[in-house]
Amino acid sequence: MNWSGLESLLSGVNKYSTAFGRIWLSMVFVLRVLVFVVAAQRVWGDESKDFVCNTRQPGCTNICYDHIFPISHIRLWALQLIFVTCPSLMVTAHVKFREVKDRKYVELHQGSHLYANPGKKRGGLWWTYLLSLVFKATFDTAFLYLLYRIYHGYDLPRLSKCSLEPCPNTVDCFISRPTEKKIFMLFMVISSALCIFMCICEMVYLVGKRFSKLFRVRHENQRRLFADQHELTELAPPRSQYRRTDPTLESQLSLNRKEKVREGTTTTTL
């Protein structure tokens, strides 16, 4: 399986991911793909060759192996990684669709752009990104549950009993290096759980950021509406409308009138 091709496809998703998305992608390639390619395949490569049952009945060992391992861990993990990483390509495909649409719009409208930034998570791209996170978390959870149901828990017993035909009786079957395989299985389970946690954190971050933006826009609109409905009016007329009176001036005028009356009386008597 060519994991380098998948890595080159997913590397472009980092441009459109949040910080949680970049951490998730790093965890997938470091904790899962790298461990899967380098170590897990070698550890689980001898599971059928070194599976031994204490019988020489033809076909008994094959039947018991198929009963204990309905599906190989390696193939199940490879299928899980493909299903988990493919939803990220939805975001890349949507961005490419936006870029082509914006290019056609520029050609028709002579330089004006339809999208200021085609990779900006707004509108339909925001929903596509959120849906990809839901798919990734759902696929990881489904495969963890499938692994738990098939193998009856995340454990590998050292000894397994098998009494299926054509086995003549109940035989004992042994798995090679069960402790080492159990450690790698638990490591893959824990890394899957961490990736699910990162997807949930990113979903909470995106939804919280969207609600915060909507609340901020709504608050701003309410503030503007309140300001438009309650414009500041003049509570009192301007001071220029009032006649300014000086009390000292009035007293001076009254004194002048009295003096004029006195002068008039004096002239009359003369």
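**Exercise 1. Place Ser-160 in the chain and decide whether Ser-160 is buried or exposed.**

Step 1. Ser-160 lies in strand E2, which covers residues 159–162. Helices (H or I, at least four residues) and strands (E, at least two) are DSSP runs, numbered from the N terminus. This is a predicted model, where local features need pLDDT of at least 70, side-chain atom pairs count only at pLDDT 80 or more, and totals for chains, interfaces and linings use all residues. Residues are numbered from 1 along each chain as its sequence is written, and side-chain values use heavy atoms, with hydrogens and water left out.

Step 2. Ser-160 has a relative accessible area of 10%, so Ser-160 is buried. Buried means under 20% relative accessible area, exposed over 50%, and partly exposed in between (1.4 Å probe, protein chains only).

Step 3. Leaving out residues up to four places away in sequence, Ser-160 touches Ile-68, Val-171, Asp-172 and Cys-173. Contact here means heavy atoms within 4.5 Å.

**Exercise 2. Describe the chain as a whole: how many helices and strands are there, and in what order do the elements run?**

Step 1. Count the elements: the chain has 8 helices and 3 strands.

Step 2. Read them from the N terminus, and the order is α-α-β-α-α-α-α-β-β-α-α.

Step 3. Add burial: 33% of the 270 residues count as buried.

Step 4. Look at the contacts with a separation of 6 or more: 76% of them join residues 24 or more positions apart.

**Exercise 3. Work out how H2, H4 and H7 are arranged, taking one pair at a time.**

Step 1. Start with H2 and H4, which pack at an angle of about 160 degrees, with their axes 12 Å apart. Axes are lines fitted to C-alpha atoms, for helices over the stretch in contact, and angles run from 0 to 180 degrees between N-to-C directions. H2 is therefore roughly antiparallel to H4. The cut-offs are under 35 degrees for roughly parallel, over 145 for roughly antiparallel, 65 to 115 for roughly perpendicular, and oblique for the rest.

Step 2. H2 and H4 make a left-handed crossing. A crossing is left-handed if the near helix is turned anticlockwise from the far one by less than a right angle, and right-handed if clockwise.

Step 3. The residues of this H2–H4 contact divide into 10 nonpolar, 3 polar and 1 charged. Ala, Val, Leu, Ile, Met, Phe, Trp, Tyr, Cys and Pro count as nonpolar, Asp, Glu, Lys and Arg as charged, and the others, Gly among them, as polar.

Step 4. Now take H4 (residues 73–85) and H7 (residues 178–229): their angle is about 15 degrees and their axes are 12 Å apart. H4 is therefore roughly parallel to H7. In this contact His-73, Trp-77 and Gln-80 of H4 meet Phe-184, Met-185, Met-188 and Ser-192 of H7. By class, these are 4 nonpolar, 3 polar and no charged residues.

Step 5. Finish with H2 and H7, at an angle of about 165 degrees and with axes 10 Å apart. H2 and H7 are therefore roughly antiparallel to each other. Their contact has 19 nonpolar, 3 polar and 4 charged residues.

**Exercise 4. Find which residues have the most contacts inside the largest nonpolar core, then follow Phe-51.**

Step 1. The largest nonpolar core has 53 residues, and those with the most contacts inside it are Trp-24, Trp-44, Phe-51, Cys-64, Phe-69, Trp-77 and Cys-173. A nonpolar core is a set of buried Ala, Val, Leu, Ile, Met, Phe, Trp, Tyr and Cys residues joined through side-chain atoms within 4.5 Å.

Step 2. Among the elements giving two or more residues to this core are helix H3 (60–68), helix H5 (88–109) and strand E3 (171–174).

Step 3. Beyond residues up to four places away in sequence, the contacts of Phe-51 include Cys-64, Phe-69 and Cys-173.

**Exercise 5. Inspect the backbone at Pro-166, His-152 and Arg-177.**

Step 1. Pro-166 sits in the loop between E2 and E3, and the peptide bond from Glu-165 to Pro-166 is cis, with omega near 10 degrees.

Step 2. His-152, in the loop between H6 and E2, has a positive phi near 55 degrees. His-152 counts as exposed because its relative accessibility is 72%.

Step 3. Arg-177, in the loop between E3 and H7, has a positive phi near 50 degrees. With a relative accessible area of 38%, Arg-177 is partly exposed.
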